[in-house]
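Please look through the structure below with the text beside it, taking each part in turn. The paragraphs after it are meant for a reader who has not met this structure before.

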Amino acid sequence: MTMPDLDSLRLLVLVDELGSIGQAAAALGIAQPSASKRLSTVERRLGLVLVDRTRRGSALTPDGRAVAGWAHRVLDEVDALLTGAEALRTQHRAELRIAASMTLAEHLVPGWVGELKRGRPDLYLGLQVRNSDEVGELTREGKVDLGFVEYPYPPTGLSTRKVATDHLVVVVSASHRWARRRRPLTATDLASTPLVVRERGSGTRETLDAALRAAGVTAVSPLLELGSASAVRNAVAAGAGPAAISALDVARNLTDHRLVTVPVEGIDLRRTLRAVWPAGRKLVGAPAALLALAIGRH
């Protein structure tokens, strides 16, 4: 199966939203015969009938509507990638300097930045992606105007504001013995089992250690310490061992069954995602606008 090109996916999404190939073609500035040809190519590549063509006109089939929904998410992810890449590229000369922990940078910050840029297209914005400890230090030192972290508790020396909530989930590969477990895990089970974990200083690691301490057990014994959520996901999927990781980071892997969640009881794995800025400083201008967008989204 060959991946359809992005322009064809945009066409399919517009057909779903506008209700006809003709209107979708007009919105993209292409001729209707060219649009029909593109959709036929997508159908051949996917091996599906996406468009019901009749004398009265054309409409998406049920399969077509499902694929259009998935295509919409793909295009949103591509927009987030381009927005994030632009911010990374311009970080050293930016008017608005931000830093974000990896989970926030991957899943939330590009959407906030994209919305801000749509209202202020000339804004020059730069992004640094670090773990939560490093984001806090950059913010305290005044090297960024606004940070986003995933600590389980408010960091010291910084003003903070809640922008979202998240929770950790315990995941294993489909072949792991916990994947067939019927009873929930306990805090003691987690503390006594070597886990695949993020490095110290990451918000995910801090959340897990703090939750275990609050449950009255010792901190986790690492099996592997890795520097990104994707590395943790891949290690777990390959059978290295269990991990506790952000629900945001594993949603896609759960739907394709590479990972399996294991229920846990007696331990609170919820956490608050926060914006941070130097204590005593009032946010104005672009930093204040970005914070307002982040708060308004959640």
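What follows goes from a pair of helices to a pocket and then to a cavity.

The model shown here is a predicted one, and a convenient place to enter it is the pair formed by helix α1, which covers residues 6–18, and helix α2, which covers residues 21–28. These two helices pack at an angle of about 125°, and their axes lie 8 Å apart. Because of that angle, α1 counts as oblique to α2, and the crossing in which α1 passes α2 is right-handed. On the α1 side, the residues that take part are Leu11, Leu14, Val15 and Leu18, and they meet Ile21, Gln23, Ala24, Ala25, Ala27 and Leu28 of α2. Sorted by class, the contact of α1 with α2 comprises nine nonpolar residues and one polar residue, with no charged residues.

From the helix pair we can turn to open space in the model, namely the second largest pocket, whose volume is about 360 Å³. This pocket is lined by 19 residues, and those closest to its centre are Met102, Ala105, Glu106, His107 and Pro110. Several elements contribute to the lining of the second largest pocket, for α4 (62–89), α5 (102–107), β4 (125–129), α10 (229–237) and α11 (247–255) each supply at least two residues. The largest share of this lining comes from α4, which provides six residues. In terms of class, the lining of the second largest pocket divides into ten nonpolar, four polar and five charged residues.

The last stop is enclosed space. How many cavities of 30 Å³ or more does the structure hold? It holds one, and about 50 Å³ of space lies in the largest cavity. The residues that line the largest cavity are Val196, Val197, Arg198, Thr204, Leu208, Val232, Ala244 and Ile245. Among the elements behind this lining, β7 (195–198), α9 (203–214) and β9 (243–246) each supply at least two residues, and β7 gives the most, with three residues. By class, the lining of the largest cavity has six nonpolar residues, one polar residue and one charged residue.

Taken together, the reader can now locate the right-handed crossing of α1 and α2, the second largest pocket with its six lining residues from α4, and the largest cavity with its three lining residues from β7.

Conventions:
Residues are numbered from 1 along each chain as its sequence is written. This is a predicted model: local features need pLDDT of at least 70, side-chain atom pairs count only at pLDDT 80 or more; totals for chains, interfaces and linings use all residues. Side-chain values use heavy atoms; hydrogens and water are left out. Axes are lines fitted to C-alpha atoms, for helices over the stretch in contact, and angles run from 0 to 180 degrees between N-to-C directions. Helices (H or I, at least four residues) and strands (E, at least two) are DSSP runs, numbered from the N terminus. Angles under 35 degrees count as roughly parallel, over 145 as roughly antiparallel, 65 to 115 as roughly perpendicular and the rest as oblique. A crossing is left-handed if the near helix is turned anticlockwise from the far one by less than a right angle, and right-handed if clockwise. Contact means heavy atoms within 4.5 Å. Ala, Val, Leu, Ile, Met, Phe, Trp, Tyr, Cys and Pro count as nonpolar, Asp, Glu, Lys and Arg as charged, and the others, Gly among them, as polar. On a 1 Å grid over the protein atoms alone, a cavity is a set of points where a 1.4 Å probe fits but cannot get out, and a pocket is an open set with protein on both sides within 12 Å along at least five of seven lines; lining residues have an atom within 4 Å of a point. Grid points are joined across faces, edges and corners, and a volume is the space filled by probe spheres set on the points.
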